[in-house]
Amino acid sequence: MTRTAPLLVFLASIGWVAQVESQAPLFVHASPVVVGSGSGQVVLADFNRDGHLDMLTRHLLERRLAVLLADGKGGFGLAAGSPIALEYQPGWMARADVNHDGALDLAVTSREGNKENINILLGNGRGEFSRAGGSPVTVSASIERYKPDVQFADVNGDGKPDILTANGRRNTIEVLLGDGHGGFSRGSVVRLESDRDLYSFATGDIDSDGHVDVVTASSTEAGGPGRVVLYRGDGKGVFAERVESSLSVPSAPRMGMVADVNGDRRPDVTLAHAEGSFVSVLLNQDQGVLAPARRVTIDDGMSAFEIVVADVNQDARADLVATTVRRVTPPSDSRIAVFLGGSSGFVPAPGSPFLAGPGAYSLDVADLNKDGKVDIVASSFDGNALTVLHGVSISLRLQAQVERLRACQRLVPHVGQRAATTGILDAGPRQRGIEIIAAVQEPRTGLDAIADPERRVHIGRPD
């Protein structure tokens with residue numbers, strides 16, 4: 001056998017490890033967090049200012065909210081005063097520090113009789129909430145069965161959180177201007193297209209002029225293509241339609257997250273679709289002009305409900321995380337789909353889709369246990385516990401495989417050379433992968449390839 005044969009055998013074993021690693025799940029299931037039945041929207045934020053991310057869940061039918069405080073190690077317990085009993089069925093909720101006291105506050109929508117309200121709950125920095133003076137704020141006449149959406153954004157540039165709210169059936173978005181003390185007054189009304197039936201919206205500086213804009217997705221009950229429209233903000237709380245920014249999209253769109261998904265520093269648009277097993281990505285070409293939708297396919301028979309954009313594998317590229325629910329029997333069968341971004345688009349992450357509790361219509365992502373990896377939490381409307389997925393680092397996923405690789409060293413014949421050595425170098429958060437280093441040590445010098453970059457073998461996710 002030649003002197004290079006041992007190294008060739010060893011490099012072949014490295015290729016085997018790389019193939020196994022590419023199939024190792026990017027997330028693992030942690031213990032579910034019991035919150036009671038009917039959890040809808042789930043929010044991760046530090047509500048008691050201890051540096052740990054807590055959980056907030058909405059329970060529509062039970063008329064309550066629940067705040068669960070984190071211990072920083074992956075455990076959660078109910079905050080004092082939780083669950084929070086409400087006099088109304090909570091619709092959507094959003095958080096911001098509306099009175100500038102350093103504690104997060106909540107806006108919770110409700111529909112009571114013929115009124116749609118925004119309920120402001122002020123946080124005390126310990127995970128407890130109380131109703132603000134002047135709350136609730138009535139915004140419009142209600143439409144049966146539809147709970148209003150709500151989002152915070154500074155639409156007039158005064159540094160104070162403002163509110164945008166919409167019903168989903170009515171062709172308007174109402175703006176409430178914040179006074180910085182927890183109070184809100186009526187602002188402008190965004191007039192949407194009148195020939196549509198279903199609307200959803202998101203905010204962001206879509207046209208890169210420094211002002212908050214509104215982008216909407218709409219459809220008709222009769223079917224047919226959906227439509228995405230940009231309403232440009234003037235920085236004073238008023239929004240005007242840019243006709244040239246209207247774009248036809250696949251049917252039944254629901255607005256996902258507005259975020260830069262391709263690294264060009266322009267906010268792009270993501271969409272879920274109630275009648276299709278895919279999500280759409282609309283790239284921002286410049287100044288708010290959106291390119292035709294690109295489809296990212298999910299499992300057949302599943303529909304996406306909420307989409308979050310985040311870098312889940314630490315390669316400095318945006319990835320997609322979506323809750324998906326089966327459209328046919330059983331209606332609450334749920335999965336969490338994760339797609340990794342690359343130069344050629346999005347591909348399913350290793351292990352995706354991941355099982356979730358029944359009725360997982362909402363999710364949020366963050367580093368819950370402070371290990372530097374993104375974790376996922378999903379609701380369970382038809383169950384009593386949240387699904388928790390912990391992110392696993394490339395190094396940890398490969399460590400077990402490297403141990404097996406070291407065992408393969410016994411396959412290397414000792415023909416004028418000693419057994420090969422291995423090592424792991426973490427490539428860091430802005431590189432894609434890690435290095436497994438293989439070396440055959442020379443008996444004369446005692447040196448090996450770990451000190452020779454040209455003889456290192458880099459294993460990472462290919463573009």
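Modeller: Before we start, pLDDT is the predictor's confidence in each residue, on a scale from 0 to 100. This is a predicted model, in which local features need pLDDT of at least 70 and side-chain atom pairs count only at pLDDT 80 or more, while totals for chains, interfaces and linings use all residues. Residues are numbered from 1 along each chain as its sequence is written, and side-chain values use heavy atoms, with hydrogens and water left out.

Colleague: What is the mean pLDDT of the chain, and over which residues does it stay under 50 with 11 contacts beyond four places in sequence?

Modeller: The mean pLDDT of the chain is 83, and 77% of its residues reach 70 or more. Where pLDDT is low, the predicted coordinates should not be read in detail. A contact here means heavy atoms within 4.5 Å, and the stretch with 11 such contacts beyond four places in sequence, where pLDDT stays under 50, is residues 16-21.

Colleague: How many contacts beyond near neighbours in sequence does the model have for residues 410-463?

Modeller: Over residues 410-463 the pLDDT is below 50, and in general coordinates in regions of low pLDDT should not be read in detail. With that caution, the number of contacts that this stretch has in the model beyond near neighbours in sequence is 122.

Colleague: How many helices and how many strands does the chain have?

Modeller: Both are DSSP runs numbered from the N terminus, helices being H or I over at least four residues and strands being E over at least two. On that basis the secondary structure of the chain comes to 2 helices and 38 strands.

Colleague: Which strand supplies the largest share of the largest nonpolar core?

Modeller: A nonpolar core is a set of buried Ala, Val, Leu, Ile, Met, Phe, Trp, Tyr and Cys residues joined through side-chain atoms within 4.5 Å, where buried means under 20% relative accessible area, exposed over 50% and partly exposed in between, with a 1.4 Å probe and protein chains only. The largest such core has 19 residues, and Val 321 and Val 365 are among those that touch the most other members. Strands that each supply at least two residues include β28 (302-310) and β33 (363-366). The largest share, 3 residues, comes from β30.

Colleague: Is Val 365 buried or exposed, and at what relative accessible area?

Modeller: Val 365 lies in strand β33, and its contacts, leaving aside neighbours within four places in sequence, include Leu 44, Val 308 and Val 321. The C-alpha atoms of Val 365 and Val 312, 53 residues apart along the chain, are separated by 8.9 Å. Val 365 counts as buried because its relative accessible area is 14%.

Colleague: Which residue does a cis peptide bond join to Ser 82, and which one is joined in this way to Ser 135?

Modeller: Most peptide bonds are trans. The bond from Ser 82 is cis with omega about 0°, and its partner is Pro 83, in the loop between β6 (76-78) and β7 (84-85). The bond from Ser 135 is also cis, with omega near 5°, and leads to Pro 136.

Colleague: What is the relative accessible area of Gln 287?

Modeller: Gln 287 has a positive phi of about 55° although it is not a glycine, and its place is in the loop between β25 (284-286) and β26 (289-290). Gln 287 is partly exposed because its relative accessible area is 48%.
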